[in-house]
Amino acid sequence: MTDCWKSRFIGVTGAAGFIGNRLVHALVEKGARVRALVHSTPLKENVEVMQGDVADAGTMADFCRGLDGVFHLATALGNRRIPESEFMRINAKGTTTLLEQARRAGVKRVVHFGSAGIYGRTSGRTLLKEGDKGRPVDAYEKSKFAGEQAALDWNAPPEVCLIRPGWVYGEGDRRTFKLISRIHSGFFFVAGSGRILQTPVYVDDLVEAALAVFQQGAPGRDYNAAGAAVTVNHLAGAIAVALGRSPRFIHIPVSLLLPPAVAMETLFGLAGREAPLSRSRLAFFRRGKPLDTTRIRTELGVRFSTSLEDGLQKAVQGYRDLGWIPGT
């Protein structure tokens, strides 16, 4: 399937992010010509790079010009220090702006990266399907839900498909590294019982799934993309084993952690810093969003072949190679 990319000119928004960077690399490896949109972080890949704002029509008109397709990953992430209006501007308006300019430029296909956050409050015990109702709670989730709806409701050229990742991990990712580094430190607590489910997906498996959605996905269709479901206890234990640590953790009731989380959010927010304990971090333990991947497997034949154990070993070794954690 590599040859089919060699004649294509593909755009990637959010190209400097963890997933976007890996996607750009994979496209280059497959022979595609790539134009990458970044906000401020430089990109090391030898591709055409544009710097700009995804919600700016002029920027996106220049970005889309001449492209065959676009992977849309640019997003404002779930940090409570960002105003709600900025979440909506980037995650919702940015999606609409891209689609409008892609239509004008004659772009044929767009793959929009959604978020499991759109499911909002869940039991964390049942796999979530694409057709399940979105119940977003915070500003980030609401803005991603609005962006998803804009993508799925688009009924003019270009064709639009949506991919919704599970809990993405891999070497070089700073967000999941926070969890891995805390377990590496030897002191780690689990909020609640730890029986909430997550569906981890190794980043390279996600990239291959995104490429399959671009090639084969049905217009107006969304596809969950994730690995096998595991409990938070199992995931934390698997990380500990990959690090060479003993998988023993302290369980603390969520009710005891919420008040200090709210207080820390307020205090650190006044200083313009991210709180070490917050409601968004507790959501990992409280509101698991395990994804059902039946659709992408049956319709597109996608397989998430990297086991959790193998993926974590790769990730840990990658962090060691980067010097982020000490070697063995």
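I began with the yardstick: buried means under 20% relative accessible area, exposed means over 50%, and partly exposed is anything in between. A reminder to myself is that this is a predicted model.

**Entry: Glu171 and Arg22**

By that yardstick I put Glu171 down as partly exposed, because its relative accessible area is 21%. I then looked up its partner and found a salt bridge to Arg22, with the closest N and O atoms 3.3 Å apart. This pair joins distant parts of the chain, 149 residues apart. Glu171 sits in the loop between strand S7 (167-169) and helix H5 (174-184), while Arg22 belongs to helix H1 (residues 18-29). Searching the whole structure gave me 17 salt bridges.

**Entry: Arg89 and Asp53**

My next pair was Arg89 with Asp53, whose closest N and O atoms are 2.8 Å apart. Here too distant parts of the chain are linked, 36 residues apart. I located Arg89 in helix H3 (residues 84-105) and Asp53 in the loop between strand S3 (48-51) and helix H2 (57-64). Is Arg89 buried or partly exposed? I noted it as partly exposed, at 27% relative accessible area. Asp53 is partly exposed as well, with 23% relative accessibility.

**Entry: Glu148 and Arg164**

I found another salt bridge between the side chains of Glu148 and Arg164, 2.8 Å from N to O. Glu148 lies in helix H4 (residues 139-152) and Arg164 in strand S6 (residues 159-165), so this bridge ties together parts 16 residues apart in sequence. Both Glu148 and Arg164 are buried. I followed the links onward and arrived at a salt-bridge network of Glu148, Arg164, Asp222 and Arg295.

**Entry: the nonpolar cores**

Which residues have the most contacts inside the largest nonpolar core? I listed Val12, Leu27, Phe71, Phe113, Ile163 and Ile296, in a core of 71 residues. Helix H6 gives the most to this core, with 9 residues. I also jotted down a second, separate core of 23 residues, with Val54, Phe63, Val70 and Val110 among them.

I took a look around Leu27, leaving aside its neighbours within four places in sequence. Its contacts are Trp5, Ile10, Val12, Ala32, Val34, Phe71 and Leu211.

**Entry: the second largest pocket**

I finished with the second largest pocket, which holds about 180 Å³ of space. I counted 13 lining residues, with Glu208, Ala209, Leu211, Ala212 and Gln215 nearest its centre. Helix H6 (residues 203-216) supplies the largest share of this lining, 6 residues. By type, I sorted the lining into 7 nonpolar, 3 polar and 3 charged residues. Leu211 turns up twice in my notes, as a contact of Leu27 and in this pocket lining.

Key:
Residues are numbered from 1 along each chain as its sequence is written. This is a predicted model: local features need pLDDT of at least 70, side-chain atom pairs count only at pLDDT 80 or more; totals for chains, interfaces and linings use all residues. Side-chain values use heavy atoms; hydrogens and water are left out. On a 1 Å grid over the protein atoms alone, a cavity is a set of points where a 1.4 Å probe fits but cannot get out, and a pocket is an open set with protein on both sides within 12 Å along at least five of seven lines; lining residues have an atom within 4 Å of a point. Grid points are joined across faces, edges and corners, and a volume is the space filled by probe spheres set on the points. Helices (H or I, at least four residues) and strands (E, at least two) are DSSP runs, numbered from the N terminus. Ala, Val, Leu, Ile, Met, Phe, Trp, Tyr, Cys and Pro count as nonpolar, Asp, Glu, Lys and Arg as charged, and the others, Gly among them, as polar. A nonpolar core is a set of buried Ala, Val, Leu, Ile, Met, Phe, Trp, Tyr and Cys residues joined through side-chain atoms within 4.5 Å. Buried means under 20% relative accessible area, exposed over 50%, partly exposed in between (1.4 Å probe, protein chains only). Contact means heavy atoms within 4.5 Å. A salt bridge is a side-chain nitrogen of Lys or Arg within 4 Å of a carboxyl oxygen of Asp or Glu.
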